[in-house]
Amino acid sequence: MAAYIVLLGPPGSGKGTQAKLLTDEVGIPQVSTGDMFRAMKTQDTPLARKVQQIMAEGKLVPDDVTIEIVKERLAQSDCSKGALLDGFPRTVPQAEALDKLLEESFHSQVTIVPLLSITVEEAVRRISGRRGCPQCGALYHVEFNPPREMGKCDHDGAKLVQRDDDRPEVVRERYQVYLDNTAPLINYYRDRGLLVELDAVQPIEVITAELADTIRQRTKE
Ligand code: AMP
């Protein structure tokens, strides 16, 4: 049976990092709505421009647009065994749409929802050091997970970049948006017996191992 893992947590809690590491461990792809929206940067359409503007302000892209891109993504063949959903759902209507989509299109449901929690101060501290490779998408942190050579990707040598929305004032806005819109999903999934809370302030590899164990257990049940 396919596994749909919803990684929940505020910006900077490590969802993207863990999704990338877990992809190999559990053999299902990362589906990141943030990455998909960032990829729209190269398009010059009214929708792409609107999405870039919303992201730069740290606000949420409208539910209908977001749900549609996830629908298309989950229908692709590499998602036949499921997906590690990173950054989706982010609102209750998105969670309801996901339940409906999984049920109607895949006769399936959300498997498990790991929750990674950190404070706003920790989010700002972590995110300000975050760097990414524009070519292969690898993620680094100047303090916690530095590349071998400062400012360069270990895999392809590309110059690492900081995301536009990783500036402290935008991070604070994104955190508030999380509290207002996404935190209600904690109870949504707790009520359905799917929530698993993890201590997100542990070394990256410890969290990955805990997550992989939890996912394996749940997919065996
Ligand atoms: P992320 O990379 O997950 O931090 O997402 C970056 C930005 O993309 C967010 O601040 C939102 O503007 C937008 N975004 C990503 N996922 C969603 C979503 N599920 N719903 C609405 N907006 C989203």
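1. A quick word on labels before anything else: helices (at least four residues) and strands (at least two) are DSSP runs, numbered from the N terminus. With that in hand, His107 is easy to place, in the loop between H5 and strand E4 (113-117). Bear in mind throughout that this is a predicted model.

2. His107 is worth a look for its backbone. Its phi is near 45 degrees, which is a positive value in a residue other than glycine. As for the side of things facing out, His107 counts as exposed, at 69% relative accessibility.

3. There's a cis peptide bond as well, joining Phe88 and Pro89, with omega at about -5 degrees. Pro89 belongs to the loop between strand E3 (82-86) and H5. So H5 has a loop with a backbone point to check on either side: Pro89 in the loop between E3 and H5, and His107 in the loop between H5 and E4.

4. On to the rings: how many aromatic pairs does a search of the whole structure find? It turns up 3. In one of them, Tyr4 and Phe106 have ring centres 6.1 Å apart and planes at 35 degrees. Planes under 30 degrees apart would count as stacked and over 60 as edge-to-face, so at 35 degrees this pair is tilted.

5. What does the Tyr4 and Phe106 pair tie together? Tyr4 sits in strand E1 (residues 3-7) and Phe106 in helix H5 (residues 92-106), so the link is between parts 102 residues apart in sequence. Tyr4 is buried, with a relative accessible area of 2%, whereas Phe106 is partly exposed at 27%.

6. Tyr188 and Tyr189 make another aromatic pair, this one edge-to-face, at 5.1 Å centre to centre and 85 degrees between the planes. Buried means under 20% relative accessible area, so Tyr188 qualifies at 10% and Tyr189 at 0%. Tyr188 has a further partner: the charged end of Arg192 sits over its ring, 3.6 Å from the centre.

7. Now the ligand. It is surrounded by 16 residues, and the closest are Thr33, Arg38, Lys59, Gly87 and Gln94. Helix H2 (residues 33-39) supplies the largest share of this shell, 4 residues. Sorted by class, the shell has 6 charged, 5 polar and 5 nonpolar residues.

8. For the polar contacts, start with Arg38: an N or O atom in its side chain is 2.8 Å from an oxygen atom of the ligand. Arg163 also puts a polar side-chain atom 3.2 Å from a ligand oxygen atom. With Gln94 the ligand atom is a nitrogen, 3.0 Å from an N or O atom in the side chain. How much of the ligand does the protein bury? Taken alone the ligand exposes 480 Å², and 96% of that is buried by the protein.

9. Last item, Pro134. You'll find Pro134 in the loop between strand E5 (130-132) and strand E6 (139-141). Buried or exposed? Pro134 counts as exposed, at 54% relative accessibility, with the cut-off for exposed being over 50%. Pro134 and Cys79 are 55 residues apart along the chain, and their C-alpha atoms are separated by 24 Å.

Methods:
Residues numbered from 1 in each chain as written. Predicted model: local features only at pLDDT ≥ 70, side-chain atom pairs only at ≥ 80, totals over all residues. Heavy atoms only, no water. Phe/Tyr/Trp six-rings, centres within 6.5 Å; stacked < 30°, edge-to-face > 60°. Buried < 20%, exposed > 50% of the residue type's maximum accessible area, 1.4 Å probe, protein only. Lys NZ or Arg CZ within 6 Å of the ring centre and 35° of its normal. Near = heavy atom within 4 Å. Polar contact = N/O pair within 3.5 Å; in protein donor to acceptor, adjacent residues only side chain to side chain. Areas by Shrake-Rupley, 256 points an atom, 1.4 Å probe, with all protein chains shown as cover. Nonpolar A, V, L, I, M, F, W, Y, C, P; charged D, E, K, R; others polar.
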